[in-house]
Amino acid sequence: MCGRYAAGRGPEELVGLFGVQKWEPEETLAPDYNVAPTKQVHVILERPLKDSGDPAPVRQLRTVKWGLVPSWAKSPEGAARMINARAETVHEKPSFRRAFAARRCIVPADGYFEWVTGAEERELEEKGRKKRPRKQPYFVTPADGSVFAMAGLYEFWRDRTLPDDHPLAWWATCTVITTEAETGPLGVAPADGPRTLAEIHPRMPLMLTPDRWDEWLDPAHTDPAGLRSLLVPPPEGLMRAYPVATAVSNVRNNGPELLTELEAPEESTLF
């Protein structure tokens with residue numbers, strides 16, 4: 001899954017990386033090293049500019065809320081549960097299929113966090129001797145330091161309790177698509193700990209390699225079979241994972257120090 005990630009790149013860098021044609025400096029966000037569900041996040045998308053009269057799609061850097069609210073939803077209450085969409089079923093699930101056909105985006109990240117229960121802790125849990133096992137957070141990021149372009153979907157939801165001219169009348173929200181975690185060796189693995197992403201968690205965000213960005217973002221591409229062909233995990237060995245301080249477990253903590261690699265896990269996570 002993807003329940004927490006880091007987004008430390010500034011808007012200017014994202015504009016250059018993704019060839020963004022339109023962005024509003026006053027709407028951009030500061031770097032966030034502990035992005036949690038329901039926070040405002042950056043996405044890259046293509047759609048016509050509002051009120052421009054030109055139907056041609058324009059690549060934009062936009063700010064949306066993480067946690068998708070379908071356009072037909074009666075309320076936004078379920079948004080916190082819609083942070084992920086499974087690549088295997090995204091084309092058929094009512095909450096995601098319309099967005100999959102026409103409103104796809106890229107959620108740029110430095111990498112994502114996942115928590116591992118140590119071997120000793122798991123054994124105690126299985127014996128019923130520990131109700132809440134301690135977990136060690138790991139940061140998963142491209143081994144070459146490149147951007148982690150997570151496949152995403154976005155939606156617009158109208159709050160009918162507010163007048164048309166109210167600034168909160170429309171909600172823009174997104175979700176991150178996930179896939180089965182890689183079972184092959186990590187590109188760079190920690191000295192002590194998991195050797196594959198699947199040992200950390202069975203799911204992972206679907207990373208789009210640069211050769212798929214244009215086709216994924218193109219709103220004219222609506223063929224479900226063709227779109228599903230883009231939901232293939234990247235080649236194995238592109239990722240590295242390393243333990244980080246448990247401070248990241250508290251959403252109130254933020255800052256680049258959360259990405260600092262530990263020499264050894266804070267808790268026993270030997271595999």
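How many disulfides does a search of the whole structure find?

1. The search finds zero disulfides, a disulfide being a pair of cysteine sulfur atoms within 2.5 Å. Cys2 is in none, and the nearest cysteine sulfur to its own, that of Cys174, is 9.8 Å away. For Cys105 the closest cysteine sulfur is also in Cys174, at 5.5 Å, which is too far for a bond.

2. This is a predicted model, in which local features need pLDDT of at least 70 and side-chain atom pairs count only at pLDDT 80 or more, while totals for chains, interfaces and linings use all residues. Residues are numbered from 1 along each chain as its sequence is written, and side-chain values use heavy atoms, with hydrogens and water left out.

3. Cys2 is buried, at a relative accessible area of 0%, and Cys105 is buried at 0% as well (buried means under 20% relative accessible area, with a 1.4 Å probe and protein chains only).

4. The largest nonpolar core (buried Ala, Val, Leu, Ile, Met, Phe, Trp, Tyr and Cys residues joined through side-chain atoms within 4.5 Å) has 31 residues, and Tyr5, Trp66 and Leu197 have the most contacts inside it. Its largest share, four residues, comes from strand β10, residues 148–158 (strands are DSSP runs of E, at least two residues, numbered from the N terminus).

5. In β10, 11 of 11 residues are buried, and both faces are covered, with Phe148 among the residues on one side and Trp157 among those on the other. The strand pairs in the antiparallel sense with β7 over six bridges and with β11 over seven (pairing needs at least two DSSP bridges); Trp157 has Trp171 of β11 as its bridge partner.

Key:
Buried means under 20% relative accessible area, exposed over 50%, partly exposed in between (1.4 Å probe, protein chains only).
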